[in-house]
Amino acid sequence: MRTNPLYIGRTLERIRRNWGLYVLLFPAVLLTLLFAYKPMYGVLIAFKDYSPALGIGDSPWAGFKYFEKFFHSYQFTNTIRNTLVISLYSLATFPIPIMLALLVNQMRSGRFKRFFQTVSYMPHFISTVVMVGLMLILFSPSTGLVGNMYQLFGAQAPDLMGSSALFSSVYVWSDVWQHVGWDSIIYIAALSAVDPSLYEAATVDGASRWHKVRYIDIPMLLPTAITLLILRVGGLLGVGFEKVYLMQNDLNILSSEILSTYVYKIGLLSSQYSFSSAINLFNTVINFILLILVNQLSKKYSENSLW
């Protein structure tokens, strides 16, 4: 197919007129190419018997050897199951920041509203290491806050940090407590953009506070919520490494071993670089496919999508 000379001419003219904007864009494009696309060359390690002495280029090809090794390993089912359990559990808490934003939007006292938002944002700035340290202290069955509360009633406190059955719950709800306030900011910003005349018209029509939330606030939040939900599903298997790894111990390892922690142990601790790269590439491909599927479903059944 021939390229239309008129189209090329118009494109060049548009670039000439807006050259300043392209100059401003150039650093961002350059950084993206250097730090996002250039490192993708390392994906070849997953298909090679990689040796640091030979380098990526000179290492012999292994094909899909390491993918098959992972699919047939005893850890495949366990890591996939644990990752999905934690991811889907976290996904179920997705509406909580939306509900918090709706609650904050209904507050009439400006002073209390600012205080409430500040208190809800503060846990977000606690580092993961400090957060897990606090959890270990608070949830200790012998000396922690939970243990002392149980002792008041003459009962034995459960070992929350050492329980395989409760690991996902402890992880997810501590994450909700830490980040729910921060995650609600974008929804609060969306609500602040609502035209006040809509509320005034609803008041004149006799709408209650609940009716305003249902017919004004929630529809205004839906585009933002759907976009964030698509991104969240796109990272379904990308459960954060740091917190899970810090919470792991010999008692809960059956429920806490996820893909990211397994990749770390295989790649950096065992020096099986090709094997760990294959696992991580498998994780990335699955997340990418999920992102495409969810985006297409959103485009089909609603007017919102990422592209």
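1. Is Phe76 buried, partly exposed or exposed? In this predicted model, Phe76 has a relative accessible area of 22%, and because buried means under 20%, the residue counts as partly exposed. Its ring partner Phe70 is buried, with a relative accessible area of 1%. The two rings form an edge-to-face pair, 5.1 Å from centre to centre and with 80 degrees between their planes.

2. The pair of Phe70 and Phe76 belongs to a wider arrangement, since ring pairs link Phe70, Phe71, Phe76, Tyr262, Phe275 and Phe282 into a cluster. Across the whole structure, a search finds 18 aromatic pairs.

3. Another of the aromatic pairs joins Tyr121 and Trp182, whose ring centres are 6.5 Å apart and whose planes stand at 85 degrees, so this pair is also edge-to-face. It links distant parts of the chain, with Tyr121 in helix H7 (residues 110–121) and Trp182 in helix H10, 61 residues apart. Tyr121 counts as buried at 18% relative accessibility, whereas Trp182, at 36%, counts as partly exposed.

4. Tyr262, a member of the aromatic cluster, lies in helix H16 (residues 259–269), where Leu259, Thr261, Tyr262, Val263, Lys265, Ile266 and Gly267 are buried. The buried residues of H16 pack against helix H4 (65–71), H5, H14, helix H15 (253–256) and helix H17 (273–301). After H16 comes Ser271, which has a positive phi, near 60 degrees.

5. Which residues have the most contacts inside the largest nonpolar core? They are Ile98, Tyr171, Tyr187 and Met247, in a core of 29 residues. At least two core residues come from each of helix H6 (95–105), helix H8 (128–138), helix H10 (167–183), helix H11 (185–192), helix H13 (209–234) and helix H14 (241–247). H10 gives the most to this core, with six residues.

6. For Tyr171, leaving aside residues up to four places away in sequence, the contacts are with Ile86, Ser90, Val239, Gly240, Lys243, Val244 and Met247. A second core, separate from the largest one, has 16 residues, among them Ala62, Phe67, Ala278 and Ile279. As general background, nonpolar side chains tend to be buried together in soluble globular proteins.

7. The largest pocket has a volume of about 590 Å³. It is lined by 24 residues, of which Ser90, Thr93, Asp175, Asp183 and Arg232 are the closest to its centre. Helix H5 (75–92), H6, H10 and H13 are the elements that give two or more residues to this lining, and H10 gives the most, with seven residues. H10 is thus a point of overlap in the description: H10 also gives the most to the largest nonpolar core. By class, the lining of the largest pocket divides into 14 nonpolar, seven polar and three charged residues.

8. Which residues line the second largest pocket? The lining consists of Met40, Gly42, Val43, Ile45, Ala46, Ser276, Ser277, Asn280, Leu281 and Thr284. This pocket has a volume of about 230 Å³, and its lining has five nonpolar and five polar residues but no charged residues, whereas three charged residues are found in the lining of the largest pocket.

Methods. Residues are numbered from 1 along each chain as its sequence is written. This is a predicted model: local features need pLDDT of at least 70, side-chain atom pairs count only at pLDDT 80 or more; totals for chains, interfaces and linings use all residues. Side-chain values use heavy atoms; hydrogens and water are left out. A nonpolar core is a set of buried Ala, Val, Leu, Ile, Met, Phe, Trp, Tyr and Cys residues joined through side-chain atoms within 4.5 Å. Buried means under 20% relative accessible area, exposed over 50%, partly exposed in between (1.4 Å probe, protein chains only). Helices (H or I, at least four residues) and strands (E, at least two) are DSSP runs, numbered from the N terminus. Contact means heavy atoms within 4.5 Å. On a 1 Å grid over the protein atoms alone, a cavity is a set of points where a 1.4 Å probe fits but cannot get out, and a pocket is an open set with protein on both sides within 12 Å along at least five of seven lines; lining residues have an atom within 4 Å of a point. Grid points are joined across faces, edges and corners, and a volume is the space filled by probe spheres set on the points. Ala, Val, Leu, Ile, Met, Phe, Trp, Tyr, Cys and Pro count as nonpolar, Asp, Glu, Lys and Arg as charged, and the others, Gly among them, as polar. Rings of Phe, Tyr and Trp (its six-membered ring) pair if their centres lie within 6.5 Å; planes under 30 degrees apart count as stacked, over 60 as edge-to-face and the rest as tilted.
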